[in-house]
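Q: Got a minute to walk me through this one? I'd like the layout to begin with, then some details.

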Amino acid sequence: KREKYENFLQTVEILQQMDPYERSKLGDAVREENYSDGDYIIRQGATGDVFYMLAEGTAKAVKRSETEENEVMQYATGSYFGERALLMNDLRAASIIATSNCQVLALERATFKRLLGPLDDILRRNMESYKKFA
């Protein structure tokens, strides 16, 4: 399993700061999930307890208000999402919907904190840049 994900994890921008040993531990900890075009990976308002990395396929982030629905982000292979709810201990701010057949690697909250804790500052800075689009 570690070998299967090792090359992919090196391509995820935020994980490039990790050393190979840390990435190998991450590869051991992730869970593979598959989604079809149109499936919800994350639902807005749900409890955020999983971090996702898009291993294959494409997806979009959709934010709903009482009167409208807006696409706020597009994701491709190597993208990650779901970190905001984990870092802020908050509900999901948007829905993530598969726009093709997708394979994602999922990481539970406790493992995320243990393995990616040192990257909190980087993730928080990235979240600030996303606010420009929201």
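Q: In what order do the elements of the protein chain run from the N terminus on?
A: They go α-α-β-β-β-β-β-β-α-β-β-α-α. Helices here (H or I, at least four residues) and strands (E, at least two) are DSSP runs, numbered from the N terminus. The chain has five helices and eight strands.

Q: Anything I should know about the model itself?
A: It's a predicted model, where local features need pLDDT of at least 70 and side-chain atom pairs count only at pLDDT 80 or more, while totals for chains, interfaces and linings use all residues. Residues are numbered from 1 along each chain as its sequence is written, and side-chain values use heavy atoms, with hydrogens and water left out.

Q: OK, the sheet. Which strands form the open sheet, and in what order?
A: Four strands, in the order S2-S7-S4-S5, with antiparallel pairing. Two strands pair if DSSP finds at least two bridges between them. S2 and S5 stand at the edges with a single partner strand each, so one side of each has no neighbour in the sheet. On average, neighbouring strands in this sheet are turned by 35 degrees against each other, ignoring direction.

Q: How many bridges join S4 to S7?
A: Four, and the two strands run antiparallel. S4 covers residues 59-64. Ala 59 stands opposite Ala 98 in S7, and Lys 60 is opposite Ile 97.

Q: And S2 to S7, how many there?
A: Two bridges, again antiparallel, with S2 spanning residues 40-42. Tyr 40 stands opposite Ile 97 in S7.

Q: Which way do the S7 residues point, and are they buried or exposed?
A: Ser 95 and Ile 97 point one way, Ile 96 and Ala 98 the other, and all are buried. Buried means under 20% relative accessible area, exposed is over 50%, and partly exposed is in between (1.4 Å probe, protein chains only).

Q: How much of the whole chain is buried?
A: Buried residues make up 43% of the 134 residues. The chain exposes about 7,400 Å², and carbon and sulfur atoms supply 44% of that. Those areas come from the Shrake-Rupley method with a 1.4 Å probe; for residues, only the protein chains shown count as cover.

Q: Switching to S5: what about Met 73, where does that sit?
A: Met 73 lies in strand S5, residues 69-75. Met 73 is partly exposed, at 21% relative accessible area. Its C-alpha is 5.0 Å from that of Ala 61, 12 residues apart along the chain.

Q: What comes after S5, say where is Ser 79?
A: Ser 79 is in the loop between S5 and strand S6 (80-81).

Q: Why does Ser 79 count as buried?
A: Because its relative accessibility is 18%.

Q: What does the Ser 79 side chain reach?
A: The backbone oxygen of Ala 76, at 2.8 Å. Leaving aside neighbours within four places in sequence, Ser 79 is in contact (heavy atoms within 4.5 Å) with Tyr 52, Met 53 and Leu 54.

Q: Last one, helix H2: which residues are buried there?
A: Arg 23, Ser 24, Leu 26 and Gly 27, in a helix running over residues 20-29. Seen down the axis of H2, they fall within an arc of 155 degrees (taken from the directions from the helix axis to the C-beta atoms), so they line one face.

Note on methods:
A polar contact is a pair of N or O atoms within 3.5 Å; within protein, one must be able to donate a hydrogen and the other to accept it, and residues adjacent in sequence count only if both atoms are side-chain atoms. Axes are lines fitted to C-alpha atoms, for helices over the stretch in contact, and angles run from 0 to 180 degrees between N-to-C directions.
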